[in-house]
Amino acid sequence: MMTAPSTQTAPDGPEAIRFEHISIRFGGLQALDDVSFSVGRGEVHCLAGENGSGKSTLIKAIAGVYQPAPGARMSYFGETIPASSPPLARKKGVAVIWQDLALFPEMTVAENIAFDSLVGKPRLVNYGTIRETARTALGKLGVELDLAAPLRSLPISGRQIVAIARALASDARLIFMDEPTASLTQAETDHLLAVVRVLSKSGVAVVFVSHRLAEVLDISSRVTVLRDGKLVGVFDAAGMTQSRLGELMTGRQLNQAVSARDPGNAPVVLQTAGLTRAGEYEGVNLAIRAGEIVGLIGLIGAGRSELAHTLFGMTRPRAGEIRLAGKPVRFANNRQAIGAGVAYVSEDRLSLGLVQQQSIADNTVITTLRAISGAGGLISARRKSAAVTRGVTEFSTKIGSPDDAVSTLSGGNQQRIVLAKWLAISPKLLILDCPTVGVDVGARDGIYRIVRALADRGIAILMISDEVPEVYFNCDRILHMAAGRIVGEFDPRRTPIAELERTVYA
Amino acid sequence: MTRIIDAMTRSFGREVPGLVGLLVLMIVGFSLASPQFLTGANFDSIASQLPELGLLTLAMLAPIIANGINLAVIAVANISGLTLAWVLNMYGGPDAGMLAFAAGVVLALAVGGLAGAAMGAIIAWFGAHPILASLAMMIFLKGIGEFLTRGGDISGFPEFVMGLGHGTVAGIPVPMLIFIGAAFLWHLLLARTRHGFAVSMIGSNPKASEYSGLHVKRSITLTYALSGVMCALAGIVMLTRFNSVRVGHGDALLLVTVLACFLGGVNPFGGFGRVAPVFLALVILQTLSSGLNLVGANQHLSTAVWGLFLIAVMVLRSGTPMLHALLANIRR
């Protein structure tokens with residue numbers, strides 16, 4: 001064990017919150033089982049756990065939304081209370097910033113920040129006061145924003161700052177941030193961390209809630225880990241790593257061995273020469289052999305997904321050449337790419353990967369409608385159900401009924417349906433864009449095993465990711481992309497992971 | 001009983017058993033209230049009024065499943081009817097032959113399809129909102145129609161045209177047979193063809209459909225083109241029934257077609273909708289209206305009752321889960 005449970009107590013003075021023996025039950029589900037959680041004043045704390053581990057339930061208990069079972073002891077800033085409620089928690093200075101931020105896109109920055117101080121109070125709105133409130137709150141963060149700009153004109157990172165300022169404007173002393181770095185670039189994350197440091201110095205405690213904490217571990221003092229509604233432990237952040245956290249969250253050793261192999265003399269499936277699309281990517285040369293898994297690592301904005309879109313026929317390159325199985329191709333649209341055997345698993349499974357409202361069955365056969373059609377061009381119920389059964393059993397996807405909406409499945413099982421629909425076209429090249437986004441740490445191994453099995457069938461695979469361990473342990477070769485160019489190539493068998501992490505996150 | 005309901009649900013959708021129950025209830029109620037209700041004459045009256053509204057509703061159904069709407073259904077029906085009238089008049093009006101009628105029908109269907117295709121192409125390729133595109137098409141076609149007819153009626157068709165509109169085969173009015181045939185074809189189109197599959201997928205999420213390789217623009221254009229053909233069929237049936245064509249005829253039906261779709265369980269947000277429950281919904285609406293008529297209610301009142309009825313169905317539908325929970329509790 002690299003990290004021992006924390007022996008260090010929280011900083012001096014009464015703690016921001018201390019919740020002990022919290023148990024919450026929903027019907028037959030024990031969402032929280034005797035969990036204790038405390039945060040010191042001005043402390044930066046991490047709350048880690050997989051989806052369904054009880055993180056959200058715990059936050060909602062602290063915010064007064066859920067009442068714990070009898071036996072719980074709760075105190076805010078040294079003051080013990082018998083029962084909590086959302087207004088009480090807010091009055092004591094607890095604020096939660098959910099991932100969707102719950103802001104108003106059409107209102108101005110100032111109005112968003114001053115919102116809580118406006119609700120229900122004055123009958124007439126004084127815009128001078130609103131601006132003053134907003135300016136003060138932003139001043140505490142050391143940030144300047146155009147107060148009159150509509151919120152929607154800000155990037156996600158700017159909106160997060162607004163959400164924090166809004167919490168400060170209503171005198172928050174403990175701020176929970178739900179998955180704050182999920183959609184930020186590295187530079188934006190750094191900026192957010194700087195703001196959090198300022199908060200912490202001024203005595204405001206911040207709790208990061210996430211299952212991806214690598215970026216925030218640095219500035220945190222302790223990590224609380226939950227699993228299946230139970231407390232795994234409270235650990236010092238110093239010396240904690242993402243992989244150790246992964247083990248604590250899932251309760252098992254993850255497969256962390258380099259799986260790279262030499263593709264040998266297998267035929268080259270994809271080759272690009274000087275592929276360029278101004279503003280997106282430039283001079284991209286890459287080659288993938290049959291059965292080879294090539295990782296494409298780079299931060300958001302490096303041009304990875306843009307390159308993938310061109311390979312999938314969604315956009316046209318300005319210059320350069322794409323060869324598929326030796327033949328030059330120019331796709332006018334993605335249907336031609338699919339026809340040529342190119343499959344693309346989008347990073348956005350919710351709005352691009354699957355038609356969430358429609359059934360598991362329909363999502364499985366959407367790529368092979370012609371093959372399941374029978375007499376007179378009508379879709380044959382028999383062929384369709386055979387295709388669905390094949391697709392579902394192929395990757396042992398756990399489903400209820402094939403007629404259920406695909407949105408009822410877990411992230412990992414949804415991704416299996418995506419993979420099944422693409423396997424059905426017998427692809428030559430499979431592009432995976434962040435294949436484990438929204439998939440629980442414990443379920444990722446299953447996806448990686450499937451990807452390796454697909455490569456073993458001779459499919460060339462391009463795995464795009466912004467997580468170094470993902471490409472390091474699952475790819476045969478890694479290309480590093482930055483600012484639209486491929487700037488480096490690595491062999492996981494020769495390069496230590498730390499070196500790759502330094503290069504990519506530099 | 002449960003087995004019958006299960007079978008109905010399986011083959012026609014989960015809306016059907018409830019609607020059938022409603023229809024039975026209504027028939028029993030009206031039969032008790034009026035001795036004329038369960039008569040052949042009343043059946044004839046329902047069966048001859050239903051097809052117009054029915055065909056127009058089918059034309060409305062497909063675009064709604066594609067998460068669009070076709071507000072030009074009446075206008076397209078009228079312009080197609082005018083096309084047929086124009087061909088008939090060119091070949092001698094009352095003396096026009098069968099061949100002229102057939103040619104006119106083909107031309108009318110083509111005009112309807114073309115108007116629909118134009119609307120669909122504008123929506124698919126230029127990203128126009130379906131409400132705006134179809135509204136513009138409606139106003140354009142209405143204007144053209146008024147210009148050509150100078151606001152008047154076109155009439156004077158051969159005898160056999162009237163015969164078609166009012167004739168029967170095996171006791172069933174011809175327009176009703178046309179409607180039943182069209183509904184069956186529409187059911188096949190939407191539930192069994194690749195195009196129908198694409199329409200549902202695109203109606204739920206056009207982006208994800210495109211990423212999966214569906215030809216989204218073509219499917220949307222085709223949806224409106226076929227909707228236009230269905231409108232033309234409605235226009236032709238209207239011509240044979242009234243023995244005349246006038247721009248603006250049937251305008252009042254426009255929103256009723258939308259409501260009939262929703263009564264038939266079509267999802268207002270696109271992606272889901274079936275022909276069978278919509279067919280039943282139409283029968284229910286027509287039965288309601290003619291039943292009210294027989295018990296002596298004012299004709300205008302029947303429109304109000306339609307509205308009230310639709311509101312009641314929406315409330316009941318969203319209340320059904322609550323009702324189920326309540327029943328489950330009582331059983332326990």
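Start by selecting A:Arg277 and A:Tyr281: A:Tyr281, in strand S12 of chain A, is the bridge partner of A:Arg277. Keep in mind as you go that this is a predicted model.

**Stop 1: the hairpin around your first selection**

Now widen the selection to residues 268–277 and 281–289 of chain A, which are strands S11 and S12. The two strands run antiparallel and are joined by 6 bridges. Together S11(A) and S12(A) make a hairpin, with 3 residues between them. Click on A:Gly279 in the turn, where phi is positive, at about 85°. Then move along the strands to A:Thr272, which stands opposite A:Leu286 in S12(A).

**Stop 2: the sheet that holds the hairpin**

Add residues 319–324 of chain A, strand S14, which pairs with S11(A) in the antiparallel sense over 5 bridges. A good pair to label here is A:Ala273 and A:Glu321, since A:Glu321 in S14(A) is the bridge partner of A:Ala273.

What is the order of the strands in this open sheet of chain A? Reading across, you find S12-S11-S14-S15, 4 strands with antiparallel pairing. Strand S15 (327–329) and S12 of chain A stand at the edges; each has a single partner strand, so one side of each is left without a neighbour in the sheet. If you look across the strands, neighbouring ones are turned against each other by 20° on average, direction ignored. As you show side chains, remember that in a regular strand they alternate between the two faces of the sheet.

**Stop 3: another sheet in chain A, with a helix on it**

Go next to the open sheet of chain A with the order S2-S1-S4-S5, which has 4 strands and antiparallel pairing. Its edge strands are S2 (29–39) and S5 (79–81) of chain A, each pairing on one side only. Here the neighbouring strands are turned by 30° against each other on average, direction ignored.

Select residues 17–26 and 73–76 of chain A to pick out S1 and S4, an antiparallel pair with 4 bridges. Within that pair, A:Glu20 faces A:Arg73, which stands opposite in S4(A). Now show residues 55–62 of chain A: this is helix H1, which packs on the sheet and touches S1 and S2 of chain A. The direction of H1(A) makes about 120° with that of S1(A).

**Stop 4: a helix pair in chain A**

Select residues 411–423 and 441–456 of chain A, helices H15 and H16. Two packed helices are described by the angle between their axes and the distance between the axes. For H15(A) and H16(A), the axes come within 10 Å and cross at roughly 15°, which makes H15(A) roughly parallel to H16(A). Their crossing is right-handed.

To see the contact, show A:Gly412, A:Gln415, A:Leu419 and A:Leu423 on H15(A), then A:Ala443, A:Gly446, A:Ile447, A:Ile450 and A:Leu454 on H16(A). By class, these residues are 6 nonpolar and 3 polar, with no charged ones.

**Stop 5: a helix pair in chain B**

Switch to chain B and select helix H3 (residues 40–65) together with H8(B); they pack at an angle of about 20°, with their axes 8 Å apart. H3(B) and H8(B) are therefore roughly parallel to each other. Is their crossing left-handed or right-handed? The crossing of H3(B) and H8(B) is left-handed.

Residues to show on H3(B) include B:Leu50, B:Pro51, B:Gly54 and B:Leu58. Those they meet on H8(B) include B:Met176, B:Phe179, B:Ala183 and B:Trp186. The residues of this contact divide into 15 nonpolar and 2 polar, with no charged ones.

**Stop 6: where the chains touch**

Show both chains: 18 residues of chain B are in contact with 21 residues of chain A. On the chain B side, helices H8 (174–192), H9 (194–204) and H10 (206–211) each supply at least two residues. Which helix gives the largest share of that side? H9(B) does, with 5 residues. In all, the chain B side has 6 nonpolar, 9 polar and 3 charged residues.

**Last stop: colour by confidence**

Colour chain A by pLDDT: the average is 87, and 94% of the residues score at least 70. Among the places to check are strand S16 (residues 342–345) of chain A, where confidence is highest, at 97, and helix H8 (residues 214–217) of chain A, where confidence is lowest, at a mean of 74. Then select residues 1–11 of chain A, where the pLDDT is below 50. Beyond near neighbours in sequence, this stretch has 24 contacts in the model. Where pLDDT is low, the predicted coordinates should not be read in detail.

Definitions and conventions
Residues numbered from 1 in each chain as written. Chains lettered and ligands numbered in written order. Predicted model: local features only at pLDDT ≥ 70, side-chain atom pairs only at ≥ 80, totals over all residues. Contact = placed C-beta atoms within 7 Å. Nonpolar A, V, L, I, M, F, W, Y, C, P; charged D, E, K, R; others polar. Pairing = 2+ DSSP bridges. Axes fitted to C-alpha atoms, helices over the stretch in contact; angles between N-to-C directions. Parallel < 35°, antiparallel > 145°, perpendicular 65-115°, else oblique. Left-handed = near helix turned anticlockwise from the far one by under 90°. pLDDT = per-residue confidence, 0-100.
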